[in-house]
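Me: I would like to go through the charged side chains of this model. Please keep the replies brisk.

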Amino acid sequence: MDLLAGIFTDYTLRNVALGAALLGLVGGVLGSFATLRRQSLLGDVLAHAALPGICLAFLLTGTKAPLILLLGAGLAGWLASLLMLAILRSTRLPEDSTLGVILSGFFGFGIGLLTFIQHSGDSDQAGLDKFIFGQAATVVGEDVLTMAVLGGVALLLVGLLYKEFKLLTFDPAFASSLGLPVRGLGTLLTSLTVIAVMIGLQTVGVVLMAAMLIAPAAAARQWTNRLSTMVWLSAAFGVLSGVLGAVISATRENLPTGPLVVLTASLITLFSLLLAPERGLVWDWRRTRNNRRRIRLERLLLDAHVLYNHAELTPESLAQRRRAAPARAKEELEELAARGWVTGRGERWELTEQGHAEAHRLEQAMRVLPKALNPRAEGGAGGAA
Amino acid sequence: MSSDFVIVLTAIFVSTASALLGSFLVLRRMALMADAISHAVLPGIVLAFWVSGGERATAPALLGAAAAGLLTVTLVEWLTRTGRIKNDAAIGLVFPALFSLGVLAVSLYFRNVHLDLDAVLYGEIAYAPFNTLEAFGLNLGPESLWIMGGLTLVNLLFVLLFYKELKLSTFDAGLAAALGFLPAVLHYALMSLVSLTAVGAFQSVGAILIVAFLIIPPATAYLLTQRLPVMIALAVLVGAVSSVLGYVLAILLDASIAGMMATVAGLLFGLAWLFSPVGGVLTARNRRERQRREFAARLLLAHLAHHDRPVPAREVLEEFGWSPAFLAQAQQWAQREGLLAGDPNGLRLTARGAALAGERP
């Protein structure tokens, strides 16, 4: 509780938490669109491509004002996305390779520039490398303000163009037939993602930025099939991971904020994947297991039924028919007995009334298929008679 | 051996080992898996470092990181198979989570090396976070040479021995499975080698360069040819050229060696994109221009063949609605081919030109 209170009293923690929450909010909203448009890793590319932008902005202006550096980052990310589109349109190179080339090429150039600046002996440069892994502790009030303005613009645009973005995401062909500028809207959405990346650079850094666009959206997707709900949930998950990550990192020294924010988001996603109603994997597994068990019991009952009608139902005969060990067959008979389908003891077993009825029902159910699939079977039998 | 030579040779080994495998990654559309693996080996290295009690130990690090790489592949494939998450999103979920764990472990348990975490990416300092620092020179060079040389050899053998199987399962996985080539086994073997190469290179050159070398040279080669053996050879060549030029550039600018090698690789890709003889952007544009010019020139010849006297340029311009500059281009081409003769009164066909225009197609 003291920690949570710290968000309001501790100046550093408040800024860090606010920064991370803003990132979660904007990343969650824009990540929803990006993941649905199958552009999840675009954020990763944009983030990596931002590094040379930061370095060039510093080299050209000589300042470390957050806004200037972030603008450089945004510009570089934007250029990278344009270059990527140009390559995709003009070559047959697969999309993932194109992403990889842009990502590693730009990032390598960025690292080159960064080391060039560091070795040039300019003492002013210290701290540029914080953008790689993020260094949330260095976020000050001014930075939060910058992030809030940037994020506000992005969210405002999403709010105004929500309907258009929704159409673009789910049915771009229809959007285009309605006369919407599909290409322009796509570029705008990508540009807004660039803004999300700019917000995240200081908190989680270049390398981990991808997760802040993907994890909240992927988690939210599990809970709903409606875009509006998904966007709200994703934003909420993003904010939650931001704040929790910031608070946890404040509990001890040397706990970096960025990785904790990302891990919190990943855990939320894991939880949603496993336990979200309807889509949760756990429910899936349970269904599969129940079905398997039911089908096994039904086949067992049918075997017992055949044996009882045409021979003797003993553990030995059942074991022989099912090619199992007699001890196992005995266990199986007891399983059937527990359901009230057979009775007996030792060597002699018989089907109960209930067991007969169930076996008959199963046989009828199974008979439907062959008839439907092979109508000649019945006619052929009749004709031969 | 001079340290320059050791560094460049190590880089060439890294680039060769990567290009051999990367070619198949690019063709199998798994380029970003390389990115994911190269990030995810960090927790593996940290774990191995921790298990071996803080000693610099190569074998556990290699094994741990390879295991982490395979874990990444398995997790991504499992997530994709559940149908709840698309493949690219799965990659973007798994590797940041694993990388975060690695960063967290380094910051928590290996405090004194916290700041060297960047070195994981820069890679100029070998064994990034865990060692008593040594310059990337004679001391270490030979060891990275051994590791990367060995990995290059293993990868080369793998590609040579299983070339037919790799080729088939890359281009037609269904047929490969039907013929009993076990594409799944091959897939995991390939992924294991990528992980091993990533961690071997991680220790000697850092994470960015691995991704850059795994993806960029094969992608460059992909733009230059349509044949697999040529593509692999070109990828190796592009990697080697990037290594040498990148090193020279890094020394000149006093910048990160790995960064500059990746930059050069990116530039080479850009050149291939623009000038590739098969479908380069500028090549294609030039060819279109040339065809347009030639077609216009033939049109001009056919037009002139209907006139007995030289036709003034003004009339041709009116007739076809061309710009004077375009007419000049077409005219220039036809004159160079000896089909058109200059005449004070206008344009006139040569004997060859008249013959060509008179030919029935």
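Me: In which helix of chain A is the place of Arg286(A)?
Reply: This is a predicted model, where local features need pLDDT of at least 70, side-chain atom pairs count only at pLDDT 80 or more, and totals for chains, interfaces and linings use all residues. Helices here are DSSP runs (H or I, at least four residues), numbered from the N terminus. Residues are numbered from 1 along each chain as written, chains are lettered from A in the order in which they are written, and side-chain values use heavy atoms, without hydrogens and water. Arg286(A) falls within residues 281-310, which is helix 14.

Me: Is Arg286(A) buried, partly exposed or exposed?
Reply: Buried means under 20% relative accessible area, exposed over 50%, and partly exposed in between (1.4 Å probe, protein chains only). Arg286(A) has 49% relative accessibility, so this residue counts as partly exposed.

Me: How many salt bridges does a search of the whole structure find?
Reply: Side chains of opposite charge can pair when their charged atoms come close. A salt bridge is a side-chain nitrogen of Lys or Arg within 4 Å of a carboxyl oxygen of Asp or Glu. Over all chains, the search gives 12.

Me: Which residue of chain B forms a salt bridge with Asp284(A)?
Reply: The closest N and O atoms of this pair are 3.3 Å apart, and the partner of Asp284(A) is Arg84(B). The pair crosses between chains, from helix 14 of chain A to the loop between helix 3 (58-81) and helix 4 (87-109) of chain B. Asp284(A) is partly exposed at 24% relative accessibility. The partner counts as buried at 15%, and its name is Arg84(B).

Me: How many residues apart in sequence are the parts tied together by Asp303(A) and Arg322(A)?
Reply: Asp303(A) and Arg322(A) form a salt bridge, with the closest N and O atoms 2.7 Å apart. Asp303(A) lies in helix 14 and Arg322(A) in helix 15 (residues 315-322) of chain A, so the parts tied together are 19 residues apart.

Me: Is Asp303(A) buried or exposed?
Reply: Its partner Arg322(A) is partly exposed, with a relative accessible area of 23%. For Asp303(A) the relative accessible area is 15%, so this residue is buried.

Me: Which residue meets Arg328(A) in a salt bridge at 3.1 Å, N to O?
Reply: Both partners lie in helix 16 (residues 326-338) of chain A, three residues apart, about one turn of the helix. Arg328(A) is partly exposed at 31%. The partner is partly exposed at 46% relative accessibility, and its name is Glu331(A).

Conventions. Helices (H or I, at least four residues) and strands (E, at least two) are DSSP runs, numbered from the N terminus.
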